[in-house]
Amino acid sequence: MNFINPLALFGLFAAGIPVLLHLLNLRKLKTVDFSTLKFLKELQKTKIRKLKLKQIILLILRTLLIIFAVMAFARPTIEGTIPGLETYTNTSSVILLDNSFSMDISDHNGNRFNYAGKKVREILNSMKEGDESAIIPMSGNLPIEYTLSSDIELLKDQAALINVFNSSSSLDRTLKNAGILLSDAKNLNREIYIISDAQENIFDLNDTFDIINTKSPMMFVPVAEKSSEVQNLSVDSINVVTKIFSVEKLVEVEAFIKNNSGSNVNAVVVSLVFNGERVAQRAIDLPAGETRSLTIAAKPDRAGDFSASVVIEGDALEIDNKRYFGFYIPPSPSVALISEKKSARFIKSAIEAVNSESDKIRLQAFEPEKLQSINPDNFDMIILASGPVKESDAEILIKYTEKGGSLLIFANDMVLDKAFNKLVSGIGLGIAKPGKFNIENPGKFSSLDKLHPLFEGVFKGETNNKSLVESPEILKYNSVSSGNPIISIPGASFLSESKLGTGRILYSAVSADTDWSNFPVTGLFPTLIYRSIYYLTSAGEINKNTETGKPFMLSLPMKFSAGGDFRIISPDGTESFRSAAKLGTRSILQFDDIPTPGVNIIKTANGKTIAMLTANVPASESKIDPLEADDIIRKLEPVSGGNEIIILKDDEDMAKNIIRARAGTELWQLFIIAAILAAVAEMLVERNSKNDIES
């Protein structure tokens, strides 16, 4: 038995008043006048017993009268119905509708979301005059404020506007909103309906708070059942193995495919797609409930933006069959070479040896003294083979790197110590320290990190990242004290890497000519020059990843700190312009949410690609089996505030289902009748008792 107005039960203390009065009357002495002793003897013992019995009956009736009256005010209810006693209590309710993309699956009830919409309408149709309700979608951008309404047709129209959204549902957030609404509801009876496919991922709840501080039972309406017939595979995640992208060079991707179903699936076709064109395919077998990985690769045939994806064949849920990634190949990287002629000759020869029509590096050479006359922002990177010869040159290069430019620096005799140390310390490489080896025992590589992106694919099949390659013979070097060493020589770093702002730096401790070593005439030199150019201009910070439905702040490189308008090319190809907001020294592009999975390309107003923002659907939504009823209750209990959690079973008559679950039958009418009967009986017994005393 439940009570709608439990505070009234404090009135039961009043039931002790008749008992107290009865006990006091027993102790009160009463003088009775009589004429003769004969009169007392004539009193029959049976009459005295009868009188005492009637007094006890009166005590019981008066106590029951108070109890029945108090119980009527407390409005007790029981589960089920009693013919003739059905009543309706005005209710304030909030309906939480799961509109995550897993609701777009079809099973025994048809499309889950359409079936959920039917349940919403049935709940609204059960409303009576004086009821009020609100509908809150559990996925997507939610409005800041919600209001309870008694207009059923308006509520139905609001429900019809809710669509499936490409993200997970937030039960935690919507329960908080429901609690806020119901705390100020006008009706005493308050309820929360949760209509969902009951995936485990929606129950990631914060149990450090109570949702509501009023009596508001939760009614969970499951719209999905476990079924071996519903099969769903998904591309759960991808790892882009390739770090340096260039034309006609393999882009390698490791894809993780999951079988979310209860049966094995064989020969699943996995495709790699570049800009809508299928470029590679592989097949994989997936045991039930397991995740398997495979590697798939293809060569891009041009430079520019690439919206890429890994795709599997269709099943019950299409949207998680594709996972996106983006990459960018600079069209003909523009490189400024600052060098005197001797060093420039070897670098030019190395670039000419690897250049091709489809993958051409645009190189412009400048004498060191001309550095201040060029605009560094016109170049994707700068190779410094001689210089800088002034401290002001160091300032130019430091500022260029901070804003996102890249540097490849070679040590050289022509560098002035003060200017050179200002540069290397300013770009995070510490202090330059000279060193020498004997001509009889020249220095050689002591270690080389073959796992660094610079050497990706160069040492195919070799797993020992410290094993050596044919080393140049080094007589003289100028190493730096900081940075990440990529190639080492005894006691020093031969090739180091550093970052400054969004810019990247590679530093060679030897010169780009043959004065210090024979490095420029080894087979490693052109490879290192070519790969350094593409590594430094590949815009490693260009790719950003997020989930659909989530807000994202994209920090732009400092070279675009002046703000302005930027072109946004969405996954469907539509273009829009968006202004960047200033945040300190940076410019920020704010995305309230990204509703569509895919690659969003961000360009400057003149068409230069500066970022690629990839949004994918959350992998947790692909597990389509619902939780059992007991598990649902267990998950909700920590945030229920002690309120009842009721699973509304699938029922053709939702209205009766709700009434049964809501409170059952109110019994206040029975207690009113019982109180009246007790009062009438008390009056009759009291009157009869007086007649007995008088007689």
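The side chains of Arg-567 and Glu-575 meet in a salt bridge, with N and O 3.0 Å apart. A salt bridge here is a side-chain nitrogen of Lys or Arg within 4 Å of a carboxyl oxygen of Asp or Glu. Side chains of opposite charge can pair when their charged atoms come close. Arg-567 is buried, at a relative accessible area of 17%. Glu-575 is partly exposed, at 47%. Buried means under 20% relative accessible area, exposed means over 50%, and partly exposed lies in between (1.4 Å probe, protein chains only).

This is a predicted model, in which local features need pLDDT of at least 70 and side-chain atom pairs count only at pLDDT 80 or more, while totals for chains, interfaces and linings use all residues. Residues are numbered from 1 along each chain as its sequence is written, and side-chain values use heavy atoms, with hydrogens and water left out.

By the salt-bridge rule, the count comes to 18. One of them joins Arg-112 and Asp-197, at 3.6 Å from N to O. This pair links distant parts of the chain, 85 residues apart. Arg-112 is in helix 4 (residues 112–125), and Asp-197 is in the loop between strand 7 (189–196) and strand 8 (218–222). Helices (H or I, at least four residues) and strands (E, at least two) are DSSP runs, numbered from the N terminus. Are the two partners buried or exposed? Arg-112 is buried, with 2% relative accessibility. Asp-197 is buried too, at 0%.

The loop between strand 7 and strand 8 also holds Glu-200. Glu-200 forms a salt bridge with Lys-623, and their closest N and O atoms are 3.6 Å apart. Lys-623 lies in the loop between strand 33 (609–616) and helix 11 (629–636), so the pair ties together parts that are 423 residues apart in sequence. Lys-623 is partly exposed, at 45% relative accessible area. Glu-200 is partly exposed as well, at 37%. Elsewhere, Glu-391, Glu-395, Lys-418 and Lys-422 are linked in a network of salt bridges.

Now the whole protein. It has 13 helices and 35 strands. Buried residues make up 49% of its 695 residues. Contact means heavy atoms within 4.5 Å. Among contacts between residues at least 6 apart in sequence, 75% join residues at least 24 apart.

Next comes the interior. A nonpolar core is a set of buried Ala, Val, Leu, Ile, Met, Phe, Trp, Tyr and Cys residues joined through side-chain atoms within 4.5 Å. The largest such core has 67 residues. Which part supplies the largest share of this core? Helix 10 (residues 524–537) does, with nine residues. The residues with the most contacts inside the core include Ile-409, Phe-410, Ile-427 and Phe-494. A second, separate core has 27 residues, among them Ile-257, Ala-298, Phe-327 and Ile-329.

Look at Phe-494. Leaving out residues up to four places away in sequence, Phe-494 touches Phe-445, Tyr-507, Ser-508 and Phe-519, among others. Ser-508 lies in strand 25 (residues 503–508). Ser-508 is buried, at 1% relative accessible area. With the same sequence neighbours left out, Ser-508 touches Ile-409, Phe-410, Ala-411, Phe-494 and Leu-495. The side chain of Ser-508 also reaches the backbone oxygen of Val-510 at 3.2 Å.

A second serine, Ser-498, lies in strand 24 (residues 492–500). Ser-498 is buried, with a relative accessible area of 8%. A polar atom of the Ser-498 side chain lies 2.8 Å from the backbone oxygen of Ile-427. Setting aside neighbours within four places, the contacts of Ser-498 include Ile-427, Gly-428, Leu-429 and Ile-505.

Finally, the surface. The protein exposes about 33,700 Å², and carbon and sulfur atoms supply 53% of it. Accessible areas come from the Shrake-Rupley method with a 1.4 Å probe; for residues, only the protein chains shown count as cover. Trp-668, Ile-672, Ile-676, Val-680 and Leu-684 make a nonpolar surface patch of about 450 Å². Patches are made of residues with over 30% relative accessible area and no salt bridge: like charges are joined within 9 Å, nonpolar side chains (Val, Leu, Ile, Met, Phe, Trp, Tyr) within 5 Å. Ile-676 of this patch lies in helix 13 (residues 668–694).

How values were computed. A polar contact is a pair of N or O atoms within 3.5 Å; within protein, one must be able to donate a hydrogen and the other to accept it, and residues adjacent in sequence count only if both atoms are side-chain atoms.
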